Structures are given as structure tokens and as C-alpha cells.
Amino acid sequence: MNKLFVSLVLASVGAQAFAAVSVDRVLVRQMWPWSRNVRVEYVLSGNEGCADLSLEAYNGETRLDESAISAAIVEGEGLKSVAGNGTHCFVFDPAKAFG
């Protein structure tokens with residue numbers, strides 16, 4: 001069984017101070033057996049406006065293409081212009097992202 005490791009990293013926050021915004025408590029769940037999709041939940045804090053997030057995902061030690069994951073998001077807010085603090089989530093289809 002292949003394991004997928006996903007972490008969220010703050011890429012840019014527009015005019016906000018980079019150090020003020022943080023991503024915590026990242027939880028990644030495959031929705032098996034009901035679905036092949038993967039749900040990613042995270043808590044954003046220190047975000048007074050909108051934040052753009054960058055995603056790092058690994059299959060073992062191989063880094064996966066962030067743009068493929070972004071294109072395969074089927075539900076949720078995605079990674080661009082995430083507004084406000086609190087718990088956020090998105091769902092992506094790994095088969096659509098990686099074949």
C-alpha cells in the first residue's frame with residue numbers, strides 16, 4: 001500500500017506579515033471505502049484577510065505535483081484566497097491528480 005504524506009505550508013499572505021499566519025493541526029483522511037477521495041482539514045490562525053497556501057505532498061520520498069492536486073480538488077475552499085481563521089478543508093481525487 002502506498003502512503004501519501006501531505007503538509008500545508010503558507011506560501012504568501014498578500015500584505016499581511018508572513019510570520020503572523022500559521023497552519024496547524026493538519027489532518028489527512030482517505031474517505032475509503034465510501035470514496036477514493038482524500039479530505040484535508042487544517043486550522044488557520046493569525047489570518048486577518050485572505051491567505052494563499054502552498055501544498056507539499058509526498059508519495060514515500062517522491063514529491064508530488066502541487067498543481068495536479070489543486071486541479072483535482074472536488075470540494076471545499078481550495079488553496080487560494082482562504083479567508084479567515086479557524087478550521088478549513090478541501091477534498092481532492094488522487095486518481096484524477098496522479099492517474
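These legends accompany several close-up views of a predicted model.

**Figure 1. The whole chain, from the N terminus to the end, mixes strands and helices.**
Welcome to the overview, a good place to get your bearings. The protein has two helices and eight strands, and reading from the N terminus gives the order β-β-β-β-β-α-β-β-β-α. Of its 99 residues, 35% are buried. Among contacts with a separation of 6 or more, 61% are between residues 24 or more positions apart. The accessible surface comes to about 5,900 Å², and carbon and sulfur atoms contribute 53% of that area.

**Figure 2. Strand 3 pairs with strand 2 and with strand 8.**
Here we zoom in on strand 3, which spans residues 38–45. Strand 2, made of residues 22–30, pairs with strand 3 in the antiparallel sense over seven bridges. Strand 8, residues 86–92, also runs antiparallel to strand 3, and seven bridges join these two. To find your way between the strands, look for V28, which stands opposite V40 in strand 3. A second landmark is R39, which stands opposite V91 in strand 8. Six of the eight residues of strand 3 are buried, so this strand is largely enclosed by the rest of the structure.

**Figure 3. R29, R39 and E41 are linked in a network of salt bridges.**
Side chains of opposite charge can pair when their charged atoms come close. E41 takes part in two of the pairings shown here, one with R29 and one with R39. In the pair of R39 and E41, the closest N and O atoms are 2.7 Å apart. In the pair of E41 and R29, the corresponding distance is 3.8 Å. The E41–R29 pair links distant parts of the chain, with E41 in strand 3 and R29 in strand 2, 12 residues apart. How covered are these residues? E41 has a relative accessibility of 19%, and because the cut-off for buried is under 20%, E41 counts as buried. R29, at 44% relative accessibility, is partly exposed, and R39, at 25%, is partly exposed as well.

**Figure 4. A salt bridge joins R36 to D93.**
This view moves to another of the three salt bridges found in the whole structure. The closest N and O atoms of R36 and D93 are 3.0 Å apart. The two partners sit in loops: R36 lies between strand 2 and strand 3, while D93 lies between strand 8 and helix 2, whose residues are 94–98. With their positions 57 residues apart, the pair links distant parts of the chain. Is each partner buried or partly exposed? D93 is buried, with a relative accessible area of 9%, whereas R36 is partly exposed at 47% relative accessibility.

**Figure 5. F90 and F92 form a tilted aromatic pair.**
A pair of aromatic rings is described by the distance of the centres and the angle of the planes. A search of the whole structure finds one such pair. The ring centres of F90 and F92 are 6.5 Å apart and the ring planes meet at 35 degrees, so the pair is tilted. The angle falls between the limits of under 30 degrees for stacked and over 60 for edge-to-face. F90 is buried, with 0% relative accessibility, and F92 is buried too, also at 0%.

Methods
Residues numbered from 1 in each chain as written. Predicted model: local features only at pLDDT ≥ 70, side-chain atom pairs only at ≥ 80, totals over all residues. Heavy atoms only, no water. Helix = DSSP H or I, 4+ residues; strand = E, 2+ residues; numbered from the N terminus. Buried < 20%, exposed > 50% of the residue type's maximum accessible area, 1.4 Å probe, protein only. Contact = heavy atoms within 4.5 Å. Areas by Shrake-Rupley, 256 points an atom, 1.4 Å probe, with all protein chains shown as cover. Phe/Tyr/Trp six-rings, centres within 6.5 Å; stacked < 30°, edge-to-face > 60°. Salt bridge = Lys/Arg side-chain N within 4 Å of Asp/Glu carboxyl O. Pairing = 2+ DSSP bridges.
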